[in-house]
Amino acid sequence: MALPRSSGGWSRTPGFPAGQLGGGVVPAVGFGTASLRFVGEESFRGALVAALEVGYRHIDTASVYGSERVVGEAVAGAARRGVIASREEVFVTTKAWCTQCHPELVLPSLRESLQNLQMEYVDMYLVHWPMSVKPTKPHYPMKREDIVPMDLRGVWQAMEECHQLGLAKMIGVSNFTTKKLQELLAFAKIPPAVNQVELNPVWQQKQLMEFCKVKGIHVTAYIPLGGRHRTSTVNNPVLDSDVLKEIAAAKGKSVAQISLRWIYEQGASIVTTSMKRERLKDNIDIFDWRLSDEDRLKISQIPQHKKVSVLSILCLDGVSSIDLSEVDVVEL
């Protein structure tokens, strides 16, 4: 397996090339910031600072997370303290939420994100979900009756403008199925550099991964350690996997490290998080060892469970005028 190249200043993690028109390099492991609303700003800020200190050089945020301001402050603070040489050393991703996915709102939404981040550009700007909701402040859960038809062509043209203006070095998507990618690629002048999706040993996305490989779209994995599944008989199908536990014990690694290494060996970058410094360090200690062919075979046979669907971000009640299967993220 060919390993990705070094990402220059991102010394603790290698990186993957992304983007067909010059593109750039996506660091192999990034720090995710969706947890801010659950852990509180003080704890979150401490973890983000620790991540930068131990070597993370990709920070993944989004307008709906409410974390952009804290991210910007942490990066600026790290530069002042010499933890990083400058803002340019950190790869920053943010995303346009469903309420912003309207042709006339994409660019203003990015400008608002940049103001929150106190940055002149982001390295990656993503369409967060293949769905449009009536314009309002980014939030979830959203009302089903507020879902409206998505003008994907118009939205993507606005994303391309963000890139052409130099406000986003690369543009991409998140939660796009093969079908949605095919729809987008039919008219995109600038193809998406990245598709950020749920990916881990219990949701391996084999069809989507192969499609993205053929089309030159880099995949970034979120929920790489499984999370809690409402539909599963175990709390966390990744961390509670007997197969992964067996491999971890044999290699003297944690189950989390086995999952992250497996994703890395698929050619995908990773967005993960922890509030604990030691776990943050462990999560990037995956580059100087490999899984065996036998390990990969065992992992390929793990029963599959998906955590995220469109129902995860919608109110339980209400009726949508849009067929929810058209905006879902489950690969059929």
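Q205 is buried in this predicted model, with a relative accessible area of 9%. The residue's place is in the loop between β10 and α7 (206-215). What makes the backbone here worth a second look is the sign of one angle: Q205 has a positive phi of about 55°, although it is not a glycine. Most residues other than glycine have a negative phi, and most peptide bonds are trans.

N175 tells a similar story. Phi of N175 is near 65°, again a positive value in a residue other than glycine. N175 lies in a loop too, the one between β9 (168-174) and α6 (178-185). Is N175 buried or exposed? At 5% relative accessibility it counts as buried, because the cut-off for that word is under 20%. Another backbone oddity turns up at P141: the peptide bond from Y140 to P141 is cis, with omega near 5°. P141 has its place in the loop between β7 (132-133) and β8 (147-148).

N175 and Q205 come up again when the empty space inside the protein is mapped. Rolling a probe the size of a water molecule over the atoms shows where empty space is left. How many cavities of 30 Å³ or more does the structure hold? The count is 2. The largest cavity holds about 60 Å³ of space. Its lining includes N175 and Q205, along with F176, T177, V197, E198, L208, Y222, K306, V329 and E331. Sorted by class, that lining has 5 nonpolar, 3 polar and 3 charged residues.

The second largest cavity holds about 50 Å³ of space. V26, H58, F91, T93, M124, L126, V194, Q196 and T220 make up the lining there. Which strands each supply at least two residues of that lining? They are β5 (91-96), β6 (122-127) and β10 (194-198). By class, the lining of the second largest cavity splits into 5 nonpolar and 4 polar residues, with no charged ones.

Next come the aromatic rings. A pair of aromatic rings is described by the distance of the centres and the angle of the planes. The count for this structure comes to 5 aromatic pairs. One of them joins F31 and F44, with 6.2 Å from centre to centre and 45° between the planes, which makes the pair tilted. This pair links distant parts of the chain: F31 belongs to strand β3 (residues 29-32) and F44 to helix α2 (residues 41-54), 13 residues apart. Both F31 and F44 are buried.

Another pair is made by Y264 and F287. How are these two rings arranged? Their centres are 5.0 Å apart and their planes stand at 75°, so the pair is edge-to-face; the cut-off for that label is over 60 degrees. Here, too, distant parts of the chain are linked, with Y264 in helix α9 (residues 255-265) and F287 in the loop between α10 (277-283) and α11 (293-300), 23 residues apart. Y264 is buried, at a relative accessible area of just 3%. The grouping also takes in F16: together, F16, Y264 and F287 form one aromatic cluster.

Rings also have charged partners in this model. R87 lies over the face of Y121, at 4.1 Å from the ring centre. In a second case, the charged end of R261 sits over the ring of W289, 5.9 Å from its centre.

One residue comes with a label from a database record. The UniProt annotation "active site", taken from an unreviewed entry, covers Y65. Where is Y65 found? The spot is the loop between β4 (58-60) and α3 (68-81). Y65 counts as buried, because its relative accessibility is 14% and the cut-off is under 20%.

Finally, E161 gives a contrast to these buried residues. E161 lies in helix α5 (residues 152-164). At 36% relative accessibility, E161 counts as partly exposed, because that value falls between the 20% and 50% cut-offs. E161 and L199 are 38 residues apart in sequence, and in space they are 29 Å apart, C-alpha to C-alpha.

Terms used:
Residues numbered from 1 in each chain as written. Predicted model: local features only at pLDDT ≥ 70, side-chain atom pairs only at ≥ 80, totals over all residues. Heavy atoms only, no water. Phe/Tyr/Trp six-rings, centres within 6.5 Å; stacked < 30°, edge-to-face > 60°. Helix = DSSP H or I, 4+ residues; strand = E, 2+ residues; numbered from the N terminus. Buried < 20%, exposed > 50% of the residue type's maximum accessible area, 1.4 Å probe, protein only. Lys NZ or Arg CZ within 6 Å of the ring centre and 35° of its normal. 1 Å grid on protein atoms, 1.4 Å probe; cavity = no way out; pocket = protein on both sides within 12 Å on 5 of 7 lines; lining within 4 Å. Points joined across faces, edges and corners; volume = space filled by probe spheres on them. Nonpolar A, V, L, I, M, F, W, Y, C, P; charged D, E, K, R; others polar. UniProt positions renumbered as here; feature names shortened; annotations may be inferred.
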